[in-house]
Amino acid sequence: MDSIVVTGGAPLQGQIPIAGAKNACLTLMPATLLSEEPLTLTNAPRLSDIKTMTLLLQSLGAEVSALADGKVLAMSSHGLSSTTADYDIVRKMRASNLVLGPLLAREGHAIVSLPGGCAIGARPMDIHITALEALGAEIELKDGYLHAVARGGLKGARVPLRFASVGATENTLMAATLAKGTTIIENAAREPEIVDLVICLRRMGAQIEGEGTSTITIQGVDRLGGATHQVVTDRIELGTYMLAPVIAGGEVECLGGRMELVGAFAAKLDAAGIDVAETERGLKVRSRGDRPRAVGVVTEPFPGFPTDLQAQMMAMLCTADGVSVLEEKIFENRFMHAPELMRMGARIDVAGGTATVTGVSQLKGAPVMATDLRASVSLILAGLGASGETVVNRVYHLDRGYEHVEEKLRGVGARIERVAGK
Ligand code: EPZ
């Protein structure tokens, strides 16, 4: 397994291009199952999760070609050969469950493995199941697989979500585009990735209103056409790289960044005394040289502070001036980066879903273990500002969600390299 070695102390200077959003692309790709016409995605990120989704769609009989060095995904599913999403693909990537809604809508049946838990939590699917049953699906759990059938097709309905689940909103939204009648999703998730999905579905001929609000209304249509769609910028990658100059010093311009993608996050940076400037090419963050102020963080569904930036924010707060309290309200076990940061000298006290971070002047490089995608990158960020060398092991987690992370950081002066695993 590869490792990444970071030698701290180099201030950063320059520009980092932000890729298309992993979490948008992973819901846009299954949308190809809704239509027999081609769907082409541009600005796709080059990530292992995208490769996993490609394999899954191909296992169902869809055609997926990665063009232009993987930045363009040309897909079509005029003839599906299977409606079963196998456990050995789904267990690697929970987002595989996003084929459930499209397959039910297109074929009237689907067998999708339950993803099983992952490092950050149990990741149940009860909200997805209740929502699709409201549209008329009959769903049964057998041998770890969800067996779903929509006899006579799906019918539009009022679908209240008990929690604004991103995936459940996406599955329901995609299923409803081909249901007979009107669907109203209440307490829908409002993430930018959902807005991006709606823009693409509308281009395919779907009739949808209310994206970005808590109520989304879908008028079912008989069929959807093809489309070409540019994947929205990745707000989590954006937020991650905005923190790099705060931790390492210097100034970085994140190309493609837009303030509306990171509102709550940027507000926290402002509260910590960090300047974020909008430029015509993106967002520029400059360290003011003094330590950031400690701030409180509570993770919430969008437009609140994103859970996917909690680990990265904690890495920054480890050397802030004061005591910061972080509350993780979305996932039940998303502080696994804390013990690793403590190996680097961080002072963190974790009690249930609350982590209290007492800032120290500087962390010390150490060998650390990546446990999940966002924890991995928080350790790299910490290493940029630490004294000495930090070796982050098990970086396969990283490659799921960050495109060429060492090249992007080396491009602005970081001392970072990937060491091939033994
Ligand atoms: C999406 O996961 C993202 N993944 C996650 O990003 C992100 O952390 C999460 O949304 C929250 O923003 C993709 O988009 C591929 P949820 P998702 O359904 O859809 C519970 C990353 O690092 N829940 O909003 O799975 C669930 O256990 C990943 O890129 C149920 O209880 O998130 C969790 O505690 C990690 N029952 C909470 O809701 C359900 O049926 C939020 O889950 C569904 C979810």
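This dialogue reads the ligand shell and one sheet of a predicted model.

Biologist: Which residues come nearest to the ligand?

Modeller: A residue joins the shell if one of its heavy atoms lies within 4 Å of the ligand. Here the shell holds 23 residues, of which Arg94, Asp126, Ser165, Asp308 and Ile330 come nearest. By class, ten of the shell residues are nonpolar, five are polar and eight are charged.

Biologist: Which helices supply at least two residues of that shell?

Modeller: They are α1 (22–28), α5 (126–134), α6 (166–176) and α12 (373–385), and the largest share, three residues, comes from α5.

Biologist: Where do polar atoms of the protein lie with respect to oxygen atoms of the ligand?

Modeller: A polar contact is a pair of N or O atoms within 3.5 Å. In this model, a polar side-chain atom of Asp308 is 2.6 Å from a ligand oxygen, a backbone N or O atom of Ile127 is 2.8 Å from a ligand oxygen, and a side-chain N or O atom of Arg334 lies 3.3 Å from a ligand oxygen. On its own the ligand has 830 Å² of accessible area, and the protein covers 89% of that area.

Biologist: What is the order of the strands in the open sheet, and which strands form its edges?

Modeller: An edge strand is one that pairs on one side only. The four strands follow the order β22-β23-β1-β24 with mixed pairing, so that β22 (367–369) and β24 (415–419) are the edges, and the twist from one strand to the next averages 20°.

Biologist: How many bridges join β1 to β24?

Modeller: Five bridges join β1 (residues 3–7) to β24, and the two strands run antiparallel; among the pairs, Val6 has Ile416 of β24 as its bridge partner.

Key
Residues are numbered from 1 along each chain as its sequence is written. This is a predicted model: local features need pLDDT of at least 70, side-chain atom pairs count only at pLDDT 80 or more; totals for chains, interfaces and linings use all residues. Side-chain values use heavy atoms; hydrogens and water are left out. A polar contact is a pair of N or O atoms within 3.5 Å; within protein, one must be able to donate a hydrogen and the other to accept it, and residues adjacent in sequence count only if both atoms are side-chain atoms. Accessible areas come from the Shrake-Rupley method with a 1.4 Å probe; for residues, only the protein chains shown count as cover. Ala, Val, Leu, Ile, Met, Phe, Trp, Tyr, Cys and Pro count as nonpolar, Asp, Glu, Lys and Arg as charged, and the others, Gly among them, as polar. Two strands pair if DSSP finds at least two bridges between them. Axes are lines fitted to C-alpha atoms, for helices over the stretch in contact, and angles run from 0 to 180 degrees between N-to-C directions.
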